[in-house]
Amino acid sequence: MSEELLVRKIRDGTVIDHIPAGRALDVLKILGLSGKEGSTIAIVMNVPSKKLGRKDIVKVEGKFLEPKEVDEIALIAPTATINIVKDFRVLEKRRVQVPGEIKGLLRCPNPNCVTNTKREPIETRFKLVSIAPLKLKCYYCEDIVTEEQVIQQLVRE
């Protein structure tokens, strides 16, 4: 008996594949999806993957991602691929890329950083130090932001 993954195809929407195992619910939170919106959402978690060992998959009918959402997903799931589906066909497939510079998506954890003062409305800016594990450096105070801190900020309860 062969093992198969049976998940219905979507007509139009986005499939996010190759998400590191256990991060699918974080991806849904980034997208602001709870399941109450009425869209069909399929979540497959901890399935076998040749590349990752185990992976998650998220399919969202009727949802096409904004560039900011793709950047946020790249920060918590740098191995992910985004598939754009129309009329049950994959029109576009691309890997997410962790940007070399991240502007305005995160806040600096250093309370003394100039970006955290109310009288200085400065957009945050971070430089990518490493992808695995994820580390970012604040452009202004040079504090390091860890993967755990990024996830805490992006995945709002």
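Two residues are in contact when heavy atoms of each lie within 4.5 Å. The structure described here is a predicted model.

**The annotated cysteines**

An unreviewed UniProt entry assigns the feature "binding site" to C108, C113, C138 and C141. These positions span 34 residues of sequence, yet they cluster in space, with a largest C-alpha distance of 8.8 Å. Two of these cysteines, C113 and C138, are described in more detail below.

C113 is located in the loop that connects strand 6 with strand 7 (125-130). Leaving aside residues up to four places away in sequence, C113 touches C108, C138, Y140 and C141. The contacts of C113 thus include C108, C138 and C141, which also carry the UniProt annotation.

C138 belongs to strand 8 (residues 135-138). With the same exclusion of residues up to four places away in sequence, its contacts are C108, C113, R125, F126 and D143. C113 and C138 therefore count as buried, because a residue under 20% relative accessible area is classed in this way, and their values are 1% for C113 and 2% for C138.

| Residue | Location | Relative accessible area |
|---|---|---|
| C113 | loop between strand 6 and strand 7 | 1% |
| C138 | strand 8 | 2% |

**The five-stranded sheet**

The model contains an open sheet of 5 strands, arranged in the order 2-3-1-4-5 with antiparallel pairing. Strand 2 (41-49) and strand 5 occupy the edges; each has a single partner strand, so one side of each lacks a neighbour in the sheet. From one strand to the next, the twist averages 20 degrees.

Within this sheet, strand 1 and strand 3 (residues 53-61) are joined in the antiparallel sense over 6 bridges. One of the bridge partnerships involves G13, whose partner in strand 3 is E61.

**Helix 2 and its surroundings**

Helix 2 (residues 67-76) is mostly covered, with 7 of its 10 residues buried. The buried positions are E69, V70, E72, I73, A74, L75 and I76. In an α-helix there are 3.6 residues a turn, so residues three or four places apart point the same way.

The buried residues of helix 2 pack against several elements: strand 1 (13-20), helix 1 (24-30), strand 5 (89-95), strand 6 (101-103) and helix 3 (147-154). Among these partners, strand 1 and strand 5 are also members of the open sheet. Strand 6, another of the packing partners, precedes the loop that holds C113.

Note on methods:
Residues are numbered from 1 along each chain as its sequence is written. This is a predicted model: local features need pLDDT of at least 70, side-chain atom pairs count only at pLDDT 80 or more; totals for chains, interfaces and linings use all residues. Side-chain values use heavy atoms; hydrogens and water are left out. Buried means under 20% relative accessible area, exposed over 50%, partly exposed in between (1.4 Å probe, protein chains only). Helices (H or I, at least four residues) and strands (E, at least two) are DSSP runs, numbered from the N terminus. UniProt positions are given in the numbering used here, feature names are shortened, and annotations may be inferred rather than shown by experiment. Two strands pair if DSSP finds at least two bridges between them. Axes are lines fitted to C-alpha atoms, for helices over the stretch in contact, and angles run from 0 to 180 degrees between N-to-C directions.
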